[in-house]
Amino acid sequence: MNKMLKAHFEALLKKQLEDLLRQSGVFLTELVARNNKEIEYLDRASLESDQSMKLRIRSRENRLIKKIQAALKRLENDTFGICESCGEDISLKRLEARPVTTKCIACKTEEEKLELQIG
């Protein structure tokens, strides 16, 4: 991967990481603020349901943060954009759509077919 593409993906990944980290800070601030307010009994159930959903979203975002950090390490190691299954280059179109990907579309498609057969 040439330097210009590498810089492009590094900036893209760092921006995504920055946005996710900023959102997590806002979420935690809201969570603490809501828990400190006095809430009526019926409102508490609704609040707890909302918080549960937000915590699931945060869990997904935390997994994405780890994937972004791993992609940045692959950029440093010059392994970014190389399929971990077959060793072929991952298409730029796929990397633009999902810069954290570790597999080319053919290998990912095959993996998903196997998961459907097993699961």
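Start with K15 and D19: both sit in helix α1, 4 residues apart, or about one turn of the helix. Helices here are DSSP runs of H or I with at least four residues, strands are E runs of at least two, and both are numbered from the N terminus. The side chains of K15 and D19 meet in a salt bridge, at 3.0 Å from N to O. A salt bridge, for this purpose, is a side-chain nitrogen of Lys or Arg within 4 Å of a carboxyl oxygen of Asp or Glu. Side chains of opposite charge can pair when their charged atoms come close. K15 and D19 also have company, since a network of salt bridges links K15, E18, D19 and R22. K15 comes out as partly exposed, at 45% relative accessibility; that label covers the range between buried (under 20% relative accessible area) and exposed (over 50%), using a 1.4 Å probe and protein chains only.

Before going on, a word about what you are looking at. This is a predicted model, in which local features need pLDDT of at least 70 and side-chain atom pairs count only at pLDDT 80 or more, while totals for chains, interfaces and linings use all residues. Residues are numbered from 1 along each chain as its sequence is written, and side-chain values use heavy atoms, with hydrogens and water left out.

Now step back to the whole chain. It has 4 helices and 0 strands, so to speak an α-α-α-α pattern when read along the sequence. Of its 119 residues, 24% are buried. The structure holds 8 salt bridges, and two more of them are worth a visit.

One is between D78 and K6, whose closest N and O atoms are 2.8 Å apart. This pair links distant parts of the chain: D78 is in the loop between α2 (41–76) and α3 (92–97), K6 is in helix α1 (residues 3–36), and the two are 72 residues apart. D78 is exposed, with a relative accessible area of 55%, whereas K6 is partly exposed at 25%.

The other is in helix α2, where R58 and E61 are 3 residues apart, about one helical turn. Their closest N and O atoms are 2.0 Å apart. Are these two residues buried or exposed? R58 is buried, with a relative accessible area of 9%, and E61 counts as buried too, at 16%.

Charge also shows up without pairing. R56, R60, R63, K67 and R98 gather in a patch of positive charge on the surface. Patch members have over 30% relative accessible area and no salt bridge; like charges are joined within 9 Å, and nonpolar side chains (Val, Leu, Ile, Met, Phe, Trp, Tyr) within 5 Å. R98 is in the loop between α3 and α4 (105–118), and R98 is partly exposed, with a relative accessible area of 38%.

Finally, the cysteines. A search of the whole structure finds 0 disulfides, a disulfide being a pair of cysteine sulfur atoms within 2.5 Å. C86 is in none: the nearest cysteine sulfur, that of C83, is 3.7 Å away. C107 is likewise in no disulfide, with the sulfur of C104 as its nearest cysteine sulfur at 3.6 Å. As for their surroundings, C86 counts as partly exposed at 38% relative accessibility, while C107 counts as buried at 18%.

Notes:
Accessible areas come from the Shrake-Rupley method with a 1.4 Å probe; for residues, only the protein chains shown count as cover. Lys and Arg count as positive and Asp and Glu as negative; His and the chain ends are not counted. The place of a charge is taken as NZ of Lys, CZ of Arg, CG of Asp or CD of Glu.
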